[in-house]
Amino acid sequence: MSGSDNPYGGSYGGQMTASASFGAAPAAPGSAPAPGGTYVSDTSTAGFAKDVLEESRRQPVLVDFWAPWCGPCKQLTPVLEKVVNESGGRVKLVKMNIDDHPTIPGQLGIQSIPAVIAFLDGRPMDGFMGAVPESQVREFIDKVAGPAGADQAAEIESVLVEAEALLGGDDVQGAAQLYGAVLQADPENAKAAAGMMQCLIALGDTGRASQMLASLPEDLAKDPAIQSVARKIEQIEEARKLGDPVALEQQLALDPDDHEARMKLAKILNVQGRREEAAEHLLMIMRKDRSFDDDGARRQLLEFFEVWGPKDTATISARRRLSSILFS
């Protein structure tokens, strides 16, 4: 799914747009590119502590020890600069001319150039010598900074946690912006797809949520988070066909043992977000007649639990009361 075929590739709910970004330079203060838009700079003996030691506490810093007369240095340095700039801030490159600044390389025991030393947390951690090919430079950066996708994966997970909190706090617009941003970076992220559909449902746009569900690849649609939303959509569509809740309440006032009416009302209350009341109606049926609809009230309550989630307060409360009925 991509482009115009992706129903969640754009905005939802009018003003909802994806505003986060992934795969670019990290937002940490020390990750900004050097003047000129690159992650490459030069240093001196006086600036080494700030440019390398302090900076390496923010992200790995590669130090390229070179000299103008060194032929292999002229081969390696452009490769280093290219790969470091393409890393988007995962590492920085600081170059030191050993002819102008011999003290630091002398202290580090640099005896041959080009030499590249990686610093992290103010200390040298690894290095190599010689004009190695670009592939080895990339492998070295992955070794000291982690695989290229690791930072993005961690960032996406953090955004998903924030989006879930926003949705739980009824900030549907804010949650949708974050879910949309994740889906732009990772179109088949199941948590983000489920979250976006939850946002659409919260906005009353169940039809669009159903459209999005139908567009998902088969493997993605089998994800438990997606399946939970699918069941929620089914419950909403079923509840629309069950009649007027006020009329059902009046019917129960006249006949409290009308279990069919009580079951219908429970399903309607559930999609209205009145979970405790919905659970209470089903538990009441169970207390009076476990044989109704072949123990249908219990089965329906378990379906509610699947959609509500195990940590939902309504689930916890109703499950405890369900146990007391089953094992009394």
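Student: What is the handedness of the crossing of H6 and H7, and how should two packed helices be described in general?

Tutor: Two packed helices are described by the angle between their axes together with the distance between those axes. In this predicted model, the crossing of H6 and H7 is left-handed. The axes of H6 and H7 come within 9 Å, and they cross at roughly 150°. Angles over 145 degrees count as roughly antiparallel, and H6 and H7 are therefore roughly antiparallel to each other.

Student: At what angle do the axes of H7 and helix H8 cross?

Tutor: Helix H8 comprises residues 206-215, and its axis crosses that of H7 at roughly 160°, the two axes coming within 7 Å. H7 and H8 are therefore roughly antiparallel to each other. The crossing of H7 and H8 is left-handed.

Student: I should next like to consider empty space. How much space lies in the largest pocket?

Tutor: Rolling a probe the size of a water molecule over the atoms shows where empty space is left. Here, the largest pocket holds about 900 Å³ of space. Its lining is made up of 24 residues, of which Glu-164, Leu-167, Tyr-179, Gln-198 and Trp-308 are the closest to its centre.

Student: Which helices each supply at least two residues of the lining of the largest pocket?

Tutor: They are helix H5 (148-168), helix H6 (172-185), helix H7 (190-202), helix H10 (224-239) and helix H14 (296-308). H5 provides the largest share of the lining, six residues.

Student: How many residues of the lining are nonpolar, polar and charged?

Tutor: The lining of the largest pocket has eleven nonpolar residues, eight charged residues and five polar residues.

Student: Why does the largest pocket lie between domain 2 and domain 3?

Tutor: The reasoning rests on the lining. Domain 2 (151-241) and domain 3 (245-327) both give residues to the lining of the largest pocket, so the pocket lies between them.

Student: Let us turn to the backbone. Which residues are joined by a cis peptide bond?

Tutor: The angle to inspect is omega, which is about 0° for the cis peptide bond that joins Ile-113 and Pro-114. Pro-114 is placed in the loop between helix H3 (103-107) and strand S4 (115-120).

Student: Is phi of Asp-170 positive or negative, and where is Asp-170 placed?

Tutor: Phi of Asp-170 is near 70°, a positive value in a residue other than glycine. Asp-170 is found in the loop between H5 and H6. Both of these helices also supply residues to the lining of the largest pocket.

Note on methods:
Residues numbered from 1 in each chain as written. Predicted model: local features only at pLDDT ≥ 70, side-chain atom pairs only at ≥ 80, totals over all residues. Heavy atoms only, no water. 1 Å grid on protein atoms, 1.4 Å probe; cavity = no way out; pocket = protein on both sides within 12 Å on 5 of 7 lines; lining within 4 Å. Points joined across faces, edges and corners; volume = space filled by probe spheres on them. Helix = DSSP H or I, 4+ residues; strand = E, 2+ residues; numbered from the N terminus. Nonpolar A, V, L, I, M, F, W, Y, C, P; charged D, E, K, R; others polar. Domains from an automatic or database assignment. Axes fitted to C-alpha atoms, helices over the stretch in contact; angles between N-to-C directions. Parallel < 35°, antiparallel > 145°, perpendicular 65-115°, else oblique. Left-handed = near helix turned anticlockwise from the far one by under 90°.
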